[in-house]
Amino acid sequence: MRKKIIAGNWKMNMTFDEGQKLTSEIVNMFKDENISDVQLVINPPFPHLHPVKKLIGDTPNVFLGAQNCSDKESGAYTGEVSAKILASFGVSHVILGHSERREYFKEDNAILTEKLKQALANGLTPIFCCGESLEIREAGTHESNVKFQLTDSLFGLTAEEISKVIIAYEPIWAIGTGKTATSDEAQQMHLSLRKHIASKYGQEVANSISILYGGSMNAGNATDLLSKPDVDGGLIGGASLKSRDFITIAKSY
Ligand code: PEP
């Protein structure tokens, strides 16, 4: 059985007080509303990690993730945060390859491979993002484009390593735009990615990997998107900043 995962990406939002309030509400609703069968991952900006961890405590099925980590192990890299440091603060997941990092910080597949290695070597679960631009979608080459992102960044991993990775398919044209892929478009891409993984690692490994959809998922469209057999959860930006919306998404299975 694949894990069902709802991950919230706060991006560069939330002051200390706002983050504390949001986390407390999410954790309380998650406990009070008896949500089973779904894992939540909260991915706040770095300074929130320790205080958010304290609020999560030992709540079952609620995990803490970072939004990035360094491709280097340690040393003189001012402003960077290593996977080892994150793990030592109780972080269990890390988002890698988000399109905003690829675009604004010029992260390419080669650097992402190094980040993946660092994350895995330190026991973190990578949430590896991939997705096509509008131009590529309109040209009809989206499946080969996204498959190549997996080939180039992930296919150097062993079967054991890739089994620990969560994939998030995030069409760039749907991120923060209010425009989602239809559930059929999401299903088609997820199935295609799963087949691609199976062609390299075998069907058993491919079946075990959770593939999340990201791109303007919200409380209104989550049920439809999450009803698809190869959509194993969501990576949520805007709607993760509102506790009720985030929890509604988690309850949409
Ligand atoms: C994201 O940042 O990964 C994302 C999916 O954002 P949004 O839900 O706001 O489109």
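This is a guided tour of a predicted model, moving from the barrel to one strand pair with its helix, then to a loop and the ligand.

Begin by colouring the strands, and follow β1-β2-β3-β4-β5-β6-β7-β8 around a closed barrel of eight strands, in which the pairing is parallel. From one strand to the next, the twist averages 25°. As background for what the viewer draws here, strands of a sheet pair through backbone hydrogen bonds, either parallel or antiparallel.

Next, select residues 38-43, which form strand β2, together with residues 62-66, which form strand β3; these two strands pair in the parallel sense over three bridges. Within this pair, pick out I42, and L64 of β3 will be found standing opposite. Then add residues 49-56 to the selection, since this stretch is helix α2, which lies across β2 and β3 and runs at about 175° to β3.

Now move to the loop between β1 (4-9) and α1 (16-32), where K11 is located. The backbone of K11 deserves a look, for its phi is positive, at about 55°, although K11 is not a glycine. M14 is also placed in the loop between β1 and α1, and M14, again not a glycine, has a positive phi of about 90°. For context, most residues other than glycine have a negative phi.

Keep K11 selected and display the ligand, around which there are 14 residues, with K11, E170, G176, S216 and G237 coming nearest. Which classes of residue make up this shell? By class, the shell has four nonpolar, eight polar and two charged residues.

Finally, go through the distances to oxygen atoms of the ligand one by one. In the side chain of K11, an N or O atom is 2.7 Å from an oxygen atom of the ligand. At G176 the partner belongs to the backbone, with a polar atom 2.6 Å from a ligand oxygen. G238 likewise contributes a backbone N or O atom, which lies 2.9 Å from an oxygen atom of the ligand. Taken alone, the ligand exposes 290 Å², and the protein buries 95% of that area.

Definitions and conventions: Residues are numbered from 1 along each chain as its sequence is written. This is a predicted model: local features need pLDDT of at least 70, side-chain atom pairs count only at pLDDT 80 or more; totals for chains, interfaces and linings use all residues. Side-chain values use heavy atoms; hydrogens and water are left out. A residue is near a molecule or strand if one of its heavy atoms lies within 4 Å of it. A polar contact is a pair of N or O atoms within 3.5 Å; within protein, one must be able to donate a hydrogen and the other to accept it, and residues adjacent in sequence count only if both atoms are side-chain atoms. Accessible areas come from the Shrake-Rupley method with a 1.4 Å probe; for residues, only the protein chains shown count as cover. Ala, Val, Leu, Ile, Met, Phe, Trp, Tyr, Cys and Pro count as nonpolar, Asp, Glu, Lys and Arg as charged, and the others, Gly among them, as polar. Two strands pair if DSSP finds at least two bridges between them. Helices (H or I, at least four residues) and strands (E, at least two) are DSSP runs, numbered from the N terminus. Axes are lines fitted to C-alpha atoms, for helices over the stretch in contact, and angles run from 0 to 180 degrees between N-to-C directions. Contact means heavy atoms within 4.5 Å.
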